[in-house]
Amino acid sequence: MVGIVCRLKLSLIAAGLRGNPAGTVGFVISLFVGFVVAASGFFVTMRMGLAFEFGAHLMVITFALVALGWGIVPILAFRSDETLDPARFALLPVPPGPMAGALLAASAIGVPPIAFTIALTGALAGFAATPAAVLVGALAIVITMLMSLLLGRILPLALAPVLRGRRGTDVMIGGLVGATALVLLLEWAIITSAASDVDAITAALAGAAGWTPPGFAALALLDARDGDFGIAALRLAVAAAAVAAVWWLWARMLGRALADLRVSEAGDMKVRGRLGAPGLFGLAPRTAAVVGRELRYQRREPRRKAGIATMMLLFGVVLTMLAPISSGELGVGTSILVTNGALTALTLVGNQFGLQGSALWSVLASTASPRELRSELLGASLVAALIGTPLLLLFAALNTVGVAGGAAEPEVWAASIGSTLGAFYLALGVSPLISVYFPYALPDRGHNPFAGPGPGRGMVVTLTMLAAMITVNALAIPFYLLAADLDAWTAAPYALGAVVYGLAVAWTGISLAARAGVPRLPEILATVSRPVT
């Protein structure tokens with residue numbers, strides 16, 4: 001079964017690249033990026049062995065972060081590996097256990113698993129001085145990669161049924177907010193108690209990471225280096241048992257997913273009734289209709305709700321990064337604020353037509369002029385602003401309190417709110433252009449709302465999003481120039497000016513995209529309707 005599924009994945013990848021020049025170029029670029037990650041990662045982990053205790057702490061943190069990142073990054077970037085979607089095997093008489101093992105083996109085929117395995121292998125050169133230590137280190141790397149692959153599979157599978165229910169989505173978002181606040185409090189306590197001592201902070205993080213299965217495996221390598229092979233074997237056994245438990249849990253979850261024959265119908269959402277009230281809030285009738293339709297999509301479609309959950313998770317990651325980086329200094333961290341605001345918009349409407357899929361034909365049938373398409377794009381952007389603005393205001397408040405403490409000056413509030421909202425509105429102007437010129441199809445399946453664009457297309461989409469981020473940062477140059485020199489008199493004008501500037505760019509981007517998009521609508525429909533293998 002393992003061999004069959006692995007060959008099937010290789011065949012699907014080859015079929016996805018055949019006759020797809022853009023996908024082939026993206027795959028070649030991903031090979032190059034994988035080589036760079038493997039080579040640089042190998043060198044860095046090898047050099048950790050020369051840093052004595054500090055390097056040992058970094059190695060434990062690295063092993064834990066690889067597994068954590070493998071589970072979180074696919075959710076943040078909508079890059080879950082769905083080359084072999086389990087929903088395709090729902091009607092086959094295959095038990096969940098063998099299917100789980102085969103899918104786990106198939107998930108190890110690809111550029112990222114190979115690149116990160118080579119990168120972690122550098123720890124053998126840096127920390128293993130004897131053949132026995134090399135064996136322990138090799139087992140530690142295998143355990144870490146198995147846990148990584150399992151987390152990359154189990155988290156999207158666990159979140160999918162939650163996102164199909166409205167109450168589950170609300171609970172999940174509330175849980176993410178609470179978890180973010182807890183992490184911020186713990187991080188602030190660590191930073192203040194350690195008095196910004198890098199060694200103390202690293203030791204504290206390594207101590208926490210050491211309780212994870214990958215951290216336990218990394219500690220086994222350190223024990224083997226010191227000659228404590230009994231303790232090393234015990235740590236490896238505990239880590240392997242944890243991996244086996246996670247695999248068992250995933251097999252059970254996979255069995256339930258395969259038994260649910262409704263999984264293939266989860267994405268076939270139909271919106272019935274009136275799609276919007278003409279004249280809502282003074283909007284044009286079509287814009288109001290689009291607003292109503294998009295709000296219903298946000299409430300009912302798992303992929304849209306996955307975008308909101310991803311945005312909340314992104315807020316947590318950014319907030320935990322800003323607290324130690326900014327250190328209370330005004331202007332430091334502005335680039336992270338801009339990046340967070342831009343990523344929020346790109347997450348919500350960065351591929352607007354791809355989210356509609358084959359249903360875009362109704363837009364094509366009712367659109368004959370740039371004005372009509374502008375109403376379509378404007379309605380989607382208004383819904384994104386309705387969702388993103390209050391959440392970004394909450395993010396700015398948490399960031400200000402976390403960075404500057406309880407006695408934040410007005411200029412700190414202005415820099416945080418103005419930079420975040422300004423970048424968000426700037427990205428709302430860039431996103432329609434991305435949707436018009438670089439649309440891409442998404443899997444039309446409800447099994448995994450975090451699924452990516454398919455084999456060979458992930459790197460192309462990543463490069464497109466990178467170009468969008470560079471464009472937003474170029475437009476945000478005034479933020480970088482002004483945020484660091486704010487005072488009590490210029491704080492309010494800066495925040496107001498950043499928002500007005502962002503809204504002006506958003507309107508300009510929507511208008512340009514509408515003019516360019518009308519003649520491209522048939523091509524866009526063909527692109528987003530193409531089946532994703």
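**Figure 1. An arginine sits over an aromatic ring.** In this close-up, R235 lies over the face of F216. The distance from R235 to the centre of the F216 ring is 5.3 Å. As you look at this and the other views, keep in mind that the whole thing is a predicted model.

**Figure 2. W70 and F116 meet edge-to-face.** The structure holds 5 aromatic pairs, and here is one of them. W70 and F116 have their ring centres 5.4 Å apart, with 80 degrees between the planes. This pair links distant parts of the chain: W70 belongs to helix α3 (residues 52–77) and F116 to helix α5 (residues 111–127), 46 residues apart. Is W70 buried or exposed? With a relative accessible area of 15%, W70 is buried, whereas F116 is partly exposed at 31%.

**Figure 3. F479 and Y494 form another edge-to-face pair.** Their ring centres are 6.3 Å apart, and the planes make an angle of 80 degrees. Again the pair links distant parts of the chain, with F479 in helix α19 (residues 477–483) and Y494 in helix α20 (residues 491–517), 15 residues apart. Both F479 and Y494 are buried. Have a look for Y501 as well: ring pairs link F479, Y494 and Y501 into a cluster.

**Figure 4. E376 and R293 join two helices through a salt bridge.** The model has 6 salt bridges, and in this one the closest N and O atoms of E376 and R293 are 2.4 Å apart. E376 lies in helix α16 (residues 370–404) and R293 in helix α11 (residues 285–300), so the bridge ties together parts that are 83 residues apart in sequence. Why do we call E376 buried? Because its relative accessible area is just 2%, and buried means under 20%. R293 is buried too, with a value of 10%. The story doesn't end with two residues, either: R286, R293, E294 and E376 are linked in a network of salt bridges.

**Figure 5. Two more salt bridges involve partly exposed residues.** D226 pairs up with R225, and their closest N and O atoms are 3.4 Å apart. R225 is partly exposed, at 35% relative accessibility. In the other bridge, the side chains of R520 and E523 meet at 3.8 Å, N to O. E523 is partly exposed, with a relative accessible area of 47%.

**Figure 6. N351 is tucked into a loop.** You'll find N351 in the loop between α13 (334–349) and α14 (352–356). N351 counts as buried, at 5% relative accessibility. Which residues does N351 touch, leaving aside its neighbours within four places in sequence? They are S435, P439, Y440 and L442.

**Figure 7. L31 and A115 come from separate stretches of the chain.** L31 is part of helix α2 (residues 21–48), and is partly exposed, with a relative accessible area of 42%. The C-alpha atoms of L31 and A115 are 9.1 Å apart, while the two residues are 84 residues apart along the chain.

**Figure 8. Confidence varies along the chain.** The mean pLDDT is 76, and 74% of the residues reach 70 or more. Among the elements, helix α7 (residues 166–194) has the lowest mean, 55, and α20 the highest, 90. Over residues 261–279, pLDDT stays under 50, and the model shows 34 contacts beyond four places in sequence for them. Residues 327–332 are also below 50, with 12 contacts beyond near neighbours in sequence. Where pLDDT is low, don't read the predicted coordinates in detail.

Terms used. Residues are numbered from 1 along each chain as its sequence is written. Side-chain values use heavy atoms; hydrogens and water are left out. Rings of Phe, Tyr and Trp (its six-membered ring) pair if their centres lie within 6.5 Å; planes under 30 degrees apart count as stacked, over 60 as edge-to-face and the rest as tilted. Helices (H or I, at least four residues) and strands (E, at least two) are DSSP runs, numbered from the N terminus. Buried means under 20% relative accessible area, exposed over 50%, partly exposed in between (1.4 Å probe, protein chains only). A charge sits over a ring if NZ of Lys or CZ of Arg is within 6 Å of the ring centre and within 35 degrees of the ring normal. pLDDT is the predictor's confidence in each residue, from 0 to 100. Contact means heavy atoms within 4.5 Å. A salt bridge is a side-chain nitrogen of Lys or Arg within 4 Å of a carboxyl oxygen of Asp or Glu.
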